[in-house]
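Colleague: I would like to learn how to read a model like this one, feature by feature. Could we begin with how strands are paired?

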Amino acid sequence: MFIVSLTYLCEMDEIENHLSSHIAYLDRHYAAGHFLASGRKNPRTGGIIIANVESAHVLDGIIAEDPFKINNLAHYEMIEFIPSKVAPPLAFLL
């Protein structure tokens with residue numbers, strides 16, 4: 001599992017110009033089972049994606065498809081996370 005932290009590299013109007021294609025990208029990867037959660041940072045300086053994929057290499061390929069990455073609108077930090085304890089509704093993560 002990975003936590004992906006996006007930090008915007010541009011003004012919000014440029015983010016807004018690519019937001020619908022970014023949302024379509026997210027939807028594809030939710031449907032494929034790669035993403036578990038995503039959302040904006042507050043303040044709105046970027047976002048977070050929780051990804052459940054088998055390796056950093058696979059995640060690199062997925063991130064390369066993001067319109068924000070393709071258009072150099074965000075920096076991505078990927079942190080591998082191995083859950084050791086979860087609340088009962090999240091037991092599937094173990």
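Modeller: Gladly. Two strands count as a pair if DSSP finds at least two bridges between them. Keep in mind that this is a predicted model.

Colleague: How many bridges join strand S2 to strand S3, and do they run parallel or antiparallel?

Modeller: Strand S2 (residues 35-40) and strand S3 (residues 46-51) run antiparallel, joined by five bridges. A hairpin of five residues connects S2 to S3. Across the pair, Gly39 stands opposite Ile48 in S3.

Colleague: Which peptide bond is cis?

Modeller: Look at the step from Asn42 to Pro43, where the bond is cis with omega near 10°. Pro43 lies in the loop between S2 and S3.

Colleague: Let's turn to pockets. What is the volume of the largest pocket, and which residues are closest to its centre?

Modeller: The volume of the largest pocket is about 200 Å³. Its lining has 15 residues, and those closest to the centre are Tyr8, His22, Leu26, Gly39 and Arg40. We met Gly39 a moment ago, opposite Ile48. Strand S1 (2-8), helix H1 (12-31), S2 and S3 each supply at least two residues of the lining. By type, the lining divides into eight nonpolar, five polar and two charged residues.

Colleague: Now single residues. Is His29 buried or exposed?

Modeller: The cut-off for buried is under 20% relative accessible area. His29 has 6% relative accessibility, so it counts as buried. His29 sits in helix H1 and, not counting residues up to four places away in sequence, touches His34, Phe35, Ile62 and Glu65.

Colleague: And how should I read a residue in a strand, such as Glu77?

Modeller: The general idea is that side chains in a regular strand alternate between the two faces of the sheet. Here, Glu77 is found in strand S4 (residues 74-80). Glu77 is partly exposed, with a relative accessible area of 43%. Leaving aside neighbours within four places in sequence, Glu77 is in contact with Ile3, Val4 and Ser5. From Glu77 to Leu6, the separation is 71 residues in sequence and 6.5 Å in space, C-alpha to C-alpha.

Colleague: One last backbone feature: which residue has a positive phi although it is not a glycine?

Modeller: That is Asn72, with a phi of about 55°. Asn72 lies in the loop between helix H3 (67-70) and S4. Exposed means over 50% relative accessible area, and Asn72 counts as exposed because its relative accessibility is 56%.

Methods
Residues numbered from 1 in each chain as written. Predicted model: local features only at pLDDT ≥ 70, side-chain atom pairs only at ≥ 80, totals over all residues. Heavy atoms only, no water. Helix = DSSP H or I, 4+ residues; strand = E, 2+ residues; numbered from the N terminus. 1 Å grid on protein atoms, 1.4 Å probe; cavity = no way out; pocket = protein on both sides within 12 Å on 5 of 7 lines; lining within 4 Å. Points joined across faces, edges and corners; volume = space filled by probe spheres on them. Nonpolar A, V, L, I, M, F, W, Y, C, P; charged D, E, K, R; others polar. Buried < 20%, exposed > 50% of the residue type's maximum accessible area, 1.4 Å probe, protein only. Contact = heavy atoms within 4.5 Å.
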